[in-house]
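Please open the structure in your viewer and keep the selection tool at hand. This tour proceeds from one pair of side chains to the next.

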Amino acid sequence: MLFSGIPFLFYFLPAVLILYFCAPKCLKNAVLLLSSLIFYGWGEPVYLFLMIASILLGFFIGMFIDKAKSKVAKKIWLSASVLSSIALLGFFKYADFFIENFNAVTGLSVALLKIALPIGISFYTFQILSYTIDVYRGNVPYQKNIINFGTYVALFPQLIAGPIVRYVDVCRELENREHSIEKFYLGMRRFIVGLSKKVLIANQMGAVCDLFRETSEKSTLFFWIYAVAFAIHVYFDFSGYSDMAIGLGKIFGFNFIENFNYPYISKSISEFWRRWHMSLGSWFRDYVYIPLGGNRVKFGRWLFNTLVVWMLTGLWHGAAWNFVIWGLLYAALLIGEKLFVKKIIDKSKIVAHVYTMLFVTIGFVIFNAPDMATAGKDLLGMIGIGGYSLTNSFTFYHLSSNAVIFILGIIGATPLPRLIYTKLSDGKTTVKAVAVIEPVICVILLLLCTAYLVDGSYNPFLYFRF
């Protein structure tokens, strides 16, 4: 079930809201857990058993870690959590990838398992791991109520594509959270903004990307249009989903962490990753990079730590070599920045921004390719290699047809809209007008999104594959 789908918007969500706000406080988490399991099982009922098994495993191992009398026993239970979680994730997500590479190296023909990827497994696995690790570290008490723990793991607003919510950030809200009309309105406003980003911009840019793949009338300019379109698509698709998740969380009394902070205004790769998918970056920093020693180690070990973290970051996104290469590209860029590049680009903000966006765009071309051969062709096409003309009438037609969406996407990826809104909201002469106009705009955006969805427009969700 998609947030940006008619069944969710007009059937599932209204029903959940009615049940949730009618339920007494002691049953609200039960309503959320049951709703979340229905939401998850809607498209994949078989993998509902995997979700329930993961919840039970995480719950009991967390309890055993807390109850263990010795440090050794605690480590054994933590190891059981890490190994079981990674084993499940590895089996469902990476089994065929390893079999393919094993066959390529050995020349054998081991049959592929062809297992469907359970939606959201990368996200809820990391949430369970952060819980058991934090219980082991003594950062949080173990959760005694399995309903509360199940709600944390399966909570439908952020179950499918994050942000990756840590138990330490929501443990108090699982027990006691506040609801108000103001929070409900702010949550709905944030949800509608995210829905609009997804439906009105991300979907249109995604259609341009699909058109690029399907056409034989490519040009060098069209390769660049595709690269920019995908960069806009992936940002508005994923940040839009995060906005919807954060908005829904606020409606139900949760305060989820922000996941994006205008990454496309960055002036270095390191700044980009402080602004992009922040919940994933902080997860790898706190649970992988720092435990490995971080940067407080000898130079060789620091290189090793960086490469490991970014190879894992690449693999987390998908079981294919282009994701591994994508992750290692960022490792190389970050190492280069720390050693010498940062000193050069810091001399000019324009150069720094162009450098950053150039490599981010190149990275996304690799990221979105079905394989490395296609990625290579796309990158060569961007520099005019491959027998392509510089441009053609087909390219100009589709560039002009989508020019407005490109402009809206580029402007929308900057803080400018928020700055304008803040200035109008704080102005003595405009604050009352904003208070009246804002709800009207939200309703118009919701109706416009609904019209697109009813029309059956292009509406996939990129991060479902992770």
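Begin by selecting aspartate 237, which is buried, with a relative accessibility of 0%. The model on the screen is a predicted one.

Next, add lysine 198 to the selection. This residue is buried as well, because its relative accessibility of 1% is under the 20% cut-off. Aspartate 237 and lysine 198 form a salt bridge, and their closest N and O atoms lie 2.7 Å apart. Aspartate 237 belongs to helix 10 and lysine 198 to helix 9, so that the bridge links distant parts of the chain, 39 residues apart.

Now move along helix 9 to arginine 213. Its partner in a salt bridge is aspartate 378, with 2.7 Å between the closest N and O atoms. Because arginine 213 lies in helix 9 and aspartate 378 in helix 16 (residues 372-382), the pair ties together parts that are 165 residues apart in sequence. Is each partner buried or partly exposed? Arginine 213 is partly exposed at 32% relative accessibility, whereas aspartate 378 is buried at 3%.

For the third stop, select glutamate 258 and arginine 190, whose side chains meet in a salt bridge of 2.7 Å, N to O. Glutamate 258 sits in the loop between helix 10 (220-251) and helix 11 (269-275), while arginine 190 is in helix 9 (residues 181-214), 68 residues apart. Glutamate 258 is partly exposed at 38% relative accessibility, and arginine 190 is partly exposed at 21%.

Finally, add Lys197 and Asp243 to this selection: salt bridges with shared partners join Arg190, Lys197, Asp243 and Glu258 into one network. The count for the model comes to ten salt bridges.

Key. Residues numbered from 1 in each chain as written. Predicted model: local features only at pLDDT ≥ 70, side-chain atom pairs only at ≥ 80, totals over all residues. Heavy atoms only, no water. Salt bridge = Lys/Arg side-chain N within 4 Å of Asp/Glu carboxyl O. Helix = DSSP H or I, 4+ residues; strand = E, 2+ residues; numbered from the N terminus. Buried < 20%, exposed > 50% of the residue type's maximum accessible area, 1.4 Å probe, protein only.
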